[in-house]
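Me: Please look closely at one loop of this model and the contacts it makes. Then place it in the rest of the fold. Keep it brisk.

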Amino acid sequence: MNRKQSKTLNLIFEDPPRSDRPWTDIENLFVALGAEVSEGSGSRVRVKLNGVFAVFHRPHPERVTDKGALKSVRRFLVNAGIEVEEG
């Protein structure tokens, strides 16, 4: 995982969540973590990581992810066993 992906991971776990993260950064993070990412219908993106499945919607027409979607991404990562070290 490179520095940008590590920063994205840390920002996802910030509380309160921020709504300034481009969706492409989140998709790149999924891939860096070893997830299988595939296209669904419309703006859907299917993600499988460590045996956990999720479907997300790419934001449009904006390119940034809203707070609700970011919370869903965080919940998915936690369920898949991904954690951020404190400090």
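Reply: What follows starts at the loop and then moves outward.

The model is predicted, so local features need pLDDT of at least 70 and side-chain atom pairs count only at pLDDT 80 or more, while totals for chains, interfaces and linings use all residues. Numbering runs from 1 along each chain as its sequence is written, and side-chain values use heavy atoms, with hydrogens and water left out.

The loop between β3 and α3 holds Thr-65. Helices are DSSP runs of H or I with at least four residues, strands are runs of E with at least two, and both are numbered from the N terminus. Thr-65 is buried, at a relative accessible area of 2%. Buried means under 20%, exposed means over 50%, and partly exposed lies in between (1.4 Å probe, protein chains only). Thr-65 touches Arg-18, Ser-19, Asp-20, Arg-21, Pro-22, Trp-23, Ile-26, Pro-59 and Leu-70, leaving aside residues up to four places away in sequence. Contact here means heavy atoms within 4.5 Å.

Two of those partners pair with each other. Arg-18 forms a salt bridge with Asp-20, with the closest N and O atoms 2.7 Å apart. A salt bridge needs a side-chain nitrogen of Lys or Arg within 4 Å of a carboxyl oxygen of Asp or Glu. Arg-18 is partly exposed at 35% relative accessibility, and Asp-20 is partly exposed at 36%. Arg-21, another contact of Thr-65, belongs to a salt-bridge network with Lys-4 and Asp-25. The whole structure has seven salt bridges.

Arg-58 is the next stop. Its side chain meets that of Glu-27 in a salt bridge, 2.8 Å from N to O. The pair joins distant parts of the chain, 31 residues apart: Arg-58 is in the loop between β3 and α3, and Glu-27 is in helix α2. Glu-27 is buried at 13%, whereas Arg-58 is partly exposed at 24%. Arg-58 also forms a salt bridge with Glu-39, the closest N and O atoms being 2.7 Å apart. That link spans 19 residues and ties the loop to strand β1 (residues 36-39). Glu-39 is partly exposed at 48% relative accessibility.

Now the helix that carries Glu-27. The axes of α1 and α2 come within 9 Å and cross at roughly 110°. Axes are lines fitted to C-alpha atoms, for helices over the stretch in contact, with angles from 0 to 180 degrees between N-to-C directions. The two helices are therefore roughly perpendicular. Lys-4, Gln-5, Thr-8, Leu-9 and Ile-12 of α1 meet Asp-25, Ile-26, Asn-28, Leu-29 and Ala-32 of α2. Roughly perpendicular covers 65 to 115 degrees; under 35 is roughly parallel, over 145 roughly antiparallel, and the rest oblique.

Last, the core. The largest nonpolar core has 18 residues, of which Phe-30, Phe-56, Val-73, Phe-76 and Leu-77 touch the most other members. Two or more residues come from each of α1 (3-12), α2 (23-32), β2 (44-49), β3 (52-57) and α3 (67-79). Such a core is a set of buried Ala, Val, Leu, Ile, Met, Phe, Trp, Tyr and Cys residues joined through side-chain atoms within 4.5 Å. Phe-76 touches Phe-30, Val-47, Leu-49, Val-52, Phe-53, Ala-54 and Phe-56, again leaving aside residues up to four places away in sequence.
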